[in-house]
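Biologist: I've got a model open and I'm not sure how to read it. Could you walk me through a few features?

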Amino acid sequence: MKKKTILGLSLAVLLSLGLAGCGKQSNAETTKDSGKVITVGTGNAYRPFVYLDENNELQGYDVEVLKAIDKKLPEYQFKYESMDFKNILTALGAGKVDFAGHQYEYNDERAKKYLYGKVGYTDYTLYVAANKDASEYTNLDTLAGKKVFTSPGSNAAYLLEQYNQKHENKIDIVYNEATQEVLVKGLQNGTADAALLTKYDVDKLNKEFSADLVVNNQPINESKTYFVFQKGDQALADKVDKALQELIDEGTLSELSKKILGADYTK
């Protein structure tokens, strides 16, 4: 009788632990259709694309696009890790996040380290913007010897740096991590002669700061923005691309751009 009682208690304990373990795993892993948790690395200070609001909640166009993609992928549950822009791809390379979303343009240097999605979600064609007539700036050659604002780690910085590596007559790159207001004032007071910006950036700065910036309508670099994944994670990249293409075809992406950015900047 004693042996049977001990055996019965042991079985009961094991069964109890097994059920508790199953319950804990289910609750910890997901809350949406038992989908795998996917960590998305993104920024915290690039309004209106991705930023933290007064309640420390992520907001912005990129965030809403990611949420719309997540809805189309019941097998996944996205969670977000916001950090300084310069740290996002480092976190991706270290495996701390599964993919990154922060208005990333394609460039060859990044493509050696990371896997780019194939479907773009924002037009990011760059133009030369100046506080005066920009017609003289028709290509990067015309910026040689000029002071040009750019953000460190950006694709604009990459283009300027690549140009300087290949040419003796170099562009004077002025790295700017300050506010957009500082960028505008710098262009107005001669701290820099020009900046590489998208038409969205120029429209926004002119509206918010009465900047009177002008652009040369000949683009310096035609590009879109893409989500960036870990090398070899093609399955995840393909699923995100498929969902993103559906959002484009449905017109959802265009509507998000109009609502958050003020116009359709997806094409």
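**Reading the rings and the folds**

Modeller: Sure, and keep in mind that this is a predicted model. Let's begin with aromatic rings: counting rings whose centres lie within 6.5 Å as a pair, we get 12 aromatic pairs.

Biologist: How are the rings of F85 and Y104 arranged, and why does the pair get that label?

Modeller: A pair of aromatic rings is described by the distance between the centres and the angle between the planes. For F85 and Y104 the centres are 5.8 Å apart and the planes sit at 25°, so we call the pair stacked. The cut-off for stacked is planes under 30 degrees apart. This pair also links distant parts of the chain, as F85 belongs to helix α3 (residues 85–93) and Y104 to strand β6 (residues 99–105), 19 residues apart.

Biologist: Is F85 buried or partly exposed? And what about Y104, buried or exposed?

Modeller: F85 has a relative accessible area of 27%, so it is partly exposed. Y104 has a relative accessible area of 1%, so Y104 is buried. Buried means under 20% here.

Biologist: What does an edge-to-face pair look like?

Modeller: Take Y116 and Y226: their rings are 6.3 Å apart, centre to centre, with 85° between the planes, and that pair is edge-to-face. It also links distant parts of the chain, with Y116 in strand β7 (residues 114–116) and Y226 in strand β14 (residues 224–230), 110 residues apart. Y116 has 9% relative accessibility, so it counts as buried. Y226 counts as buried too, at 19%.

Biologist: Which residues form one aromatic cluster?

Modeller: The cluster is made of Y46, F49, Y61, F78, F99, Y121, Y200, F227, F229 and Y265. For a ring with a charged partner, click on Y51: R47 lies over the face of Y51, 4.0 Å from the ring centre.

Biologist: R47 is followed by a proline. What kind of peptide bond joins R47 and P48?

Modeller: First the general idea: most peptide bonds are trans, and most residues other than glycine have a negative phi. The bond between R47 and P48 is cis, with omega about 5°. You'll find P48 in the loop between β2 (45–46) and β3 (50–52).

Biologist: And which residues have a positive phi although they are not glycine?

Modeller: Two to look at are S210, with a phi of about 45°, and D212, with a phi of about 60°. S210 sits in the loop between α7 (199–209) and β13 (214–215), and D212 is also in the loop between α7 and β13. S210 has 53% relative accessibility and so counts as exposed; D212 has 59%, so D212 is exposed as well.

Biologist: Now helices. At what angle do α2 and α8 pack?

Modeller: Helix α2 (residues 61–71) and helix α8 (residues 234–250) pack at about 105°, with their axes 9 Å apart. That angle is why α2 is described as roughly perpendicular to α8. On the α2 side, V65, A68 and I69 make the contact, and on the α8 side V240, A243, L244 and L247 do. Sorted by class, the contact has seven nonpolar residues, no polar ones and no charged ones.

Biologist: How many helices and strands does the protein chain have?

Modeller: There are nine helices and 14 strands. Of the 267 residues in the protein chain, 45% are buried. Among contacts with a separation of 6 or more, 72% join residues 24 or more positions apart.

Biologist: Where could I see that kind of long-range link?

Modeller: Try L126, in the loop between β8 (122–123) and β9. L126 and P219 are 93 residues apart in sequence, but their C-alpha atoms are 5.8 Å apart in space. Beyond four places in sequence, L126 touches several residues, including E105, L159, L196, P219 and I220. L126 has a relative accessible area of 2%, so it is buried.

Biologist: And what does K146 touch?

Modeller: Setting aside residues up to four places away in sequence, K146 touches E136, Y137, I171, D172 and D193. K146 lies in the loop between β9 (127–130) and β10 (147–150). At 26% relative accessibility, K146 counts as partly exposed. The C-alpha atoms of K146 and I173 are separated by 8.2 Å, with their positions 27 residues apart along the chain.

Technical notes. Residues numbered from 1 in each chain as written. Predicted model: local features only at pLDDT ≥ 70, side-chain atom pairs only at ≥ 80, totals over all residues. Heavy atoms only, no water. Phe/Tyr/Trp six-rings, centres within 6.5 Å; stacked < 30°, edge-to-face > 60°. Helix = DSSP H or I, 4+ residues; strand = E, 2+ residues; numbered from the N terminus. Buried < 20%, exposed > 50% of the residue type's maximum accessible area, 1.4 Å probe, protein only. Lys NZ or Arg CZ within 6 Å of the ring centre and 35° of its normal. Axes fitted to C-alpha atoms, helices over the stretch in contact; angles between N-to-C directions. Parallel < 35°, antiparallel > 145°, perpendicular 65-115°, else oblique. Contact = heavy atoms within 4.5 Å. Nonpolar A, V, L, I, M, F, W, Y, C, P; charged D, E, K, R; others polar.
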